[in-house]
Amino acid sequence: QCDWSSDVCSSDLNRVTRLRMIANLSQLVSSTLNSLEILQEIARAAARISGAPIVSFWTFNPEKELMELRTFSDEDIGADFPVRELHLNEGAVGWVAAQQEILNVPDVHEDDRFVAFEWWKAHNFVSFLGIPIILHGSLLAVLALNGYEPFLLEDDDLELLNIFLTQAAISIRNSTLYEELTVENVERKN
């Protein structure tokens with residue numbers, strides 16, 4: 001019997017919840033080539049882990065050298081975000097992509113790298129955490145977390161995010177390879 005108010009039981013429950021999240025995501029990644037579905041689920045999981053009210057995924061288009069907005073953890077909040085593409089070094093997401101470094105900004109109003117300030121104000125977001133997703137040295141995407149207060153993630157949270165981001169990298173790469181093969185097959189038939 002466990003006293004659920006104790007830290008030990010709470011920690012065990014948290015660990016079980018985290019393991020379920022990893023298992024569900026692993027199952028999804030192995031069962032679909034729909035990268036959008038996987039990215040949405042990872043964004044939702046990242047929001048739950050971090051407490052962020054909204055998380056977005058931006059994928060890198062190397063041909064255009066643009067970051068393209070793919071999905072939000074909450075499409076209702078994200079629906080009115082006015083920017084759908086960013087150049088490298090444009091906005092905080094573009095900065096994360098170009099530098100390939102994590103960017104943790106406790107107050108976006110004090111930083112000139114941000115775009116769409118009216119959207120940030122309308123939703124009362126003040127903080128940003130941007131994490132590049134890199135596979136074999138190549139930039140694939142940026143995960144962007146927006147919050148009401150600064151992000152102070154613990155090591156366990158960062159470790160779980162890294163697991164999800166590895167899954168995202170594999171998913172993006174697999175769906176890209178699948179799309180390339182599909183195009184090649186269509187071209188061969190013609």
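Two aromatic rings of Phe, Tyr or Trp (for Trp, the six-membered ring) count as a pair when their centres lie within 6.5 Å. With that in hand, let us walk through this predicted model, starting with its aromatic residues.

## The aromatic cluster

Ring pairs join W58, F72, F81, F114, W119, W120, F125, F128 and Y148 into a cluster. The structure as a whole holds ten aromatic pairs. A pair of aromatic rings is described by the distance of the centres and the angle of the planes.

Take F114 and W120 to begin with: their ring centres are 5.3 Å apart and their planes stand at 80°, so this pair is edge-to-face. The reasoning rests on the cut-off for the planes, since an angle over 60 degrees counts as edge-to-face. F114 is buried, with a relative accessible area of 8%, and W120 is buried too, at 4%.

Now turn to W119 and F125. Their ring centres are 5.3 Å apart and their planes make an angle of 50°, so the pair is tilted. W119 has a relative accessible area of 4%, which makes it buried. For F125 the value is 1%, and this residue is buried as well.

## The overall layout

It helps to place these rings in the chain as a whole. The protein chain has six helices and six strands. Read from the N terminus on, its elements follow the order α-α-β-β-α-β-α-β-α-β-β-α. Of the 190 residues in the chain, 45% are buried.

Strand β3 offers a nice detail of the fold. E85 is found in this strand, and it is partly exposed, with a relative accessible area of 39%. E85 and E68 are 17 residues apart in sequence, yet their C-alpha atoms are 4.6 Å apart in space.

## Salt bridges

How many salt bridges does a search of the whole structure find? It finds four. The table lists some of them, with the separation of the N and O atoms.

| Salt bridge | N to O distance |
|---|---|
| R44 and E41 | 3.7 Å |
| R48 and E41 | 3.5 Å |
| R188 and E184 | 3.9 Å |

Two of these rows share a residue, E41. Together, E41, R44 and R48 are linked in a network of salt bridges. R44 and E41 both lie in helix α2, which covers residues 35–50. Within that helix they are three residues apart, about one turn. As for their surroundings, R44 is partly exposed, with a relative accessible area of 33%, and E41 is also partly exposed, at 27%.

The bridge between R188 and E184 belongs to another helix, α6 (residues 155–189). Here the two residues are four apart, so about one helical turn separates them. Is R188 buried or exposed? Its relative accessibility is 67%, so R188 counts as exposed. E184 has a relative accessibility of 38% and therefore counts as partly exposed.

## A negative patch

Helix α6 has another charged feature to show. E154, D155, D156 and E159 form a negative surface patch. One of these residues, D156, is found in helix α6. D156 is exposed, with a relative accessible area of 53%; the reasoning here is that exposed means over 50%.

## Two loops with positive phi

Finally, two backbone angles deserve a look. N89 has a phi near 70°, a positive value in a residue other than glycine. Where is N89 found? It sits in the loop between β3 (85–87) and α4 (91–99), so this loop follows the strand that holds E85. N89 counts as partly exposed because its relative accessibility is 49%.

A116 is the other example, with a positive phi near 60° in a residue other than glycine. A116 is found in the loop between β4 (103–105) and α5 (117–122). Helix α5 brings us back to the aromatic residues, since its range of 117–122 takes in W119 and W120 of the ring cluster.

Definitions and conventions: Residues are numbered from 1 along each chain as its sequence is written. This is a predicted model: local features need pLDDT of at least 70, side-chain atom pairs count only at pLDDT 80 or more; totals for chains, interfaces and linings use all residues. Side-chain values use heavy atoms; hydrogens and water are left out. A salt bridge is a side-chain nitrogen of Lys or Arg within 4 Å of a carboxyl oxygen of Asp or Glu. Buried means under 20% relative accessible area, exposed over 50%, partly exposed in between (1.4 Å probe, protein chains only). Patches are made of residues with over 30% relative accessible area and no salt bridge: like charges are joined within 9 Å, nonpolar side chains (Val, Leu, Ile, Met, Phe, Trp, Tyr) within 5 Å. Accessible areas come from the Shrake-Rupley method with a 1.4 Å probe; for residues, only the protein chains shown count as cover. Lys and Arg count as positive and Asp and Glu as negative; His and the chain ends are not counted. The place of a charge is taken as NZ of Lys, CZ of Arg, CG of Asp or CD of Glu. Rings of Phe, Tyr and Trp (its six-membered ring) pair if their centres lie within 6.5 Å; planes under 30 degrees apart count as stacked, over 60 as edge-to-face and the rest as tilted.
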